[in-house]
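I opened the notebook to log a few lookups in this model. The entries follow in the order in which I made them.

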Amino acid sequence: MAKGYEQNQERQQALAFLGKGLARRARSKCELTLASGVPLVIYEVAPVPAEPDIERCLFISESARDQLVKPAGFRPEQWRHLNELVWSDLPVVQVMALRILRFLDGNHPWARQILEDFYPDPDIDAWADAVPLA
């Protein structure tokens, strides 16, 4: 058990090392909700590689993280701006936007419409399908 704890601590330190680069890239805004002036946390987008990679991490608000970790608590109306995020220059943002839209698709016509209007790169599509939200 101590070895698992140590490995987790090492991973958290490696992720913290990415914090400055993520803050710069995100301009200190949540990369998913676009909120500023809120506490931000590092979120690794699954599947996670053996070593933390900035290209597979997002800097997001605690509220966004809570919704991603427990999708049953999703607040769909807070995600209507995803029509902008699917066109992001950052693949990791596109992946999470697709995952969220696919999660919301069944009950929200606006999410379905965004999905119908967006044709992701096959690599983005495969990454988004690799680990759905729920």
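I looked up what covers the buried residues of α6, and the cover includes α4. The model is a predicted one, and I read every entry below with that in mind.

Which residues of α6 are buried? In this helix, residues 122–130, I found Ile124, Trp127 and Ala128 buried. Looking down the axis of α6, I saw its buried residues fall within an arc of 100 degrees, so they line one face of the helix. I then checked the face turned away from that buried side and noted the exposed residues Pro122 and Asp123 there.

I also checked how α6 begins. Aspartate 121 caps the N-terminal end of α6. I noted a side-chain oxygen of aspartate 121 at 2.8 Å from the backbone nitrogen of aspartate 123.

Next I took the geometry of the α4 and α6 pair. The two helices pack at an angle of about 55 degrees, and their axes are 9 Å apart. I logged α4 as oblique to α6, because the angle falls in none of the roughly parallel, antiparallel or perpendicular ranges. I entered the crossing of α4 and α6 as right-handed.

Which residues meet where α4 and α6 pack? On the α4 side I listed Pro91, Val92, Gln94, Val95, Leu98, Arg99 and Arg102. On the α6 side I listed Ile124, Asp125, Trp127, Ala128 and Asp129. Ile124, Trp127 and Ala128 are thus in this contact list and are also buried.

I moved to serine 88, in the loop between α3 (82–85) and α4 (91–104). Is serine 88 buried or exposed? I recorded a relative accessible area of 19%, so serine 88 is buried, the cut-off being under 20%. A polar atom of the serine 88 side chain lies 3.0 Å from the backbone nitrogen of leucine 90. Leaving out residues up to four places away in sequence, I found that serine 88 touches Val93 and Gln94. Gln94 also appears among the α4 residues that meet α6.

My last lookup was glutamine 67, in helix α2 (residues 62–69). I read 2% relative accessibility for glutamine 67, and because the cut-off is under 20% I entered this residue as buried. A polar atom of its side chain lies 2.9 Å from the backbone nitrogen of arginine 75. With residues up to four places away in sequence left out, I noted that glutamine 67 touches Gly73, Phe74, Arg75, Gln78 and Trp79. Arg75 is therefore in the contact list of glutamine 67, and the backbone nitrogen of arginine 75 is the one paired with the side chain of glutamine 67.

Notes: Residues numbered from 1 in each chain as written. Predicted model: local features only at pLDDT ≥ 70, side-chain atom pairs only at ≥ 80, totals over all residues. Heavy atoms only, no water. Helix = DSSP H or I, 4+ residues; strand = E, 2+ residues; numbered from the N terminus. Buried < 20%, exposed > 50% of the residue type's maximum accessible area, 1.4 Å probe, protein only. Polar contact = N/O pair within 3.5 Å; in protein donor to acceptor, adjacent residues only side chain to side chain. Contact = heavy atoms within 4.5 Å. Arc of directions from axis to C-beta. Axes fitted to C-alpha atoms, helices over the stretch in contact; angles between N-to-C directions. Parallel < 35°, antiparallel > 145°, perpendicular 65-115°, else oblique. Left-handed = near helix turned anticlockwise from the far one by under 90°.
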